[in-house]
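Trainee: Please take the inside of this model and go through it closely. I would like to see how the parts there meet, with the residues named.

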Amino acid sequence: MGQVRQPRRVQAYDGELGAAVARAQDGDEAAFAVAYRIVQPGLLGYLHGIVGDDAEDVASDAWLEIARDLGRFKGDGAGFRGWTATIARHRALDHLRRQRVRPRAGGTEQDVLDLPAPYSTHEQALESLSTERALELVRALPRDQAEAVLLRVVVGLDGPATARVLGKRPGAVRTAAHRGLKRLARQLGADGEAEAGVTDGGSRALGEST
């Protein structure tokens, strides 16, 4: 079974992030700014995939809570990514509830997974996720797939951390991530067989009911 790997840039920054968080917890405001600059791009991309144009506002609410509760955090740079993603997700779901939009229920481990063939298909899809068009395609995925892809690829969490943020078992998260990446690869034309639209019943915006 293929694996979704963390972006190398995320792994490279985690040491710096952990050190910045530790200094910020000692009251170093400049260090908190460093942590913010490292985490914010991925967090904002994740939120954009959930709440769309309201991502900036939701991110601001999340960072207020992060700053308030920073002293309670215990862990390294990778752990901080997971912690902040959990807070951001809660704020995003609160936002959706305020709009009276109910997110879709996630998939189960019983979902059948037909893995794509070459891993390069995934890699090409992941490289394209920095574009606004790709994030819009992610938003059209079923919620479980969209969140798994965003947390793994955009935020840079590993499998267990993603599972903790989503409150699911790692196997279910792996399934959702691979299914989402397969669909994205097709839609982005990364496998050379892109069609005008993948219409297997799963292309609904986040928050829409089935």
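Mentor: The outside comes first, as a frame for the inside. The protein exposes about 10,700 Å², and carbon and sulfur atoms supply 46% of that area (Shrake-Rupley method, 1.4 Å probe; for residues, only the protein chains shown count as cover). This is a predicted model, in which local features need pLDDT of at least 70 and side-chain atom pairs count only at pLDDT 80 or more, while totals for chains, interfaces and linings use all residues. Residues are numbered from 1 along each chain as its sequence is written, and side-chain values use heavy atoms, with hydrogens and water left out.

Now the building blocks. There are 9 helices and 0 strands in the protein (DSSP runs numbered from the N terminus: H or I of at least four residues for helices, E of at least two for strands). Read along the sequence, the pattern is therefore α-α-α-α-α-α-α-α-α. Of the 210 residues in the protein, 48% are buried (buried is under 20% relative accessible area, exposed over 50%, partly exposed in between, with a 1.4 Å probe and protein chains only). Contacts also reach across the sequence: among those between residues at least 6 apart, 73% join residues at least 24 apart (a contact is heavy atoms within 4.5 Å).

The part to look at is the largest nonpolar core, which has 51 residues (buried Ala, Val, Leu, Ile, Met, Phe, Trp, Tyr and Cys residues joined through side-chain atoms within 4.5 Å). Leu47, Phe80 and Leu151 have the most contacts inside this core. At least two core residues come from each of these: helix 1 (8–25), helix 2 (29–51), helix 3 (55–69), helix 4 (77–98), helix 6 (132–139), helix 7 (143–155), helix 8 (159–166) and helix 9. Helix 2 gives the most, with 10 residues.

Start with Leu151, one of the three residues with the most contacts inside the core. Not counting residues up to four places away in sequence, Leu151 touches Tyr46, Ala85, Gly156, Leu157, Thr162, Val165 and Leu166. Tyr46 falls within the range of helix 2, and Ala85 within that of helix 4. Thr162, Val165 and Leu166 fall within the range of helix 8.

Next along the chain before Leu151 is Leu150, in helix 7. Leu150 has 0% relative accessibility and so counts as buried. Leaving aside neighbours within four places in sequence, Leu150 is in contact with Gly45, Tyr46, Gly49, Leu135, Val138 and Val155. Tyr46 thus appears in the contact list of Leu151 and in that of Leu150. The C-alpha atoms of Leu150 and Thr162 are 9.5 Å apart, with their positions 12 residues apart in sequence.

Leu135, one of the contacts of Leu150, belongs to helix 6. With a relative accessible area of 12%, Leu135 is buried. Leu135 and His48 lie 87 residues apart in sequence, yet their C-alpha atoms are 7.4 Å apart.

Leu47 leads to helix 3. There, Ala59 touches Gln40, Leu44 and Leu47, not counting residues up to four places away in sequence. Ala59 is at 1% relative accessibility, so it is buried. A separation of 6.5 Å divides the C-alpha atoms of Ala59 and Ala88, which are 29 residues apart along the chain.

Tyr36, in helix 2, is a contrast. At 34% relative accessibility, Tyr36 is partly exposed. Beyond neighbours within four places in sequence, Tyr36 is in contact with Pro41 and Trp63. Tyr36 and Trp63 are 27 residues apart in sequence and 8.5 Å apart from C-alpha to C-alpha.

A polar side chain can also be covered. Asp14 lies in helix 1 and is buried, with a relative accessible area of 13%. Its contacts, apart from neighbours within four places in sequence, are Gly77, Ala78 and Arg81.

Last comes helix 9, residues 170–187. Helix 9 has 18 residues and reaches 26 Å from first C-alpha to last, close to the 26 Å expected at 1.5 Å a residue (1.5 Å times one less than the number of residues). Because 13 of those 18 residues are buried, helix 9 is largely enclosed by the rest of the structure. Just after helix 9, Gly189 takes a positive phi of about 75°.
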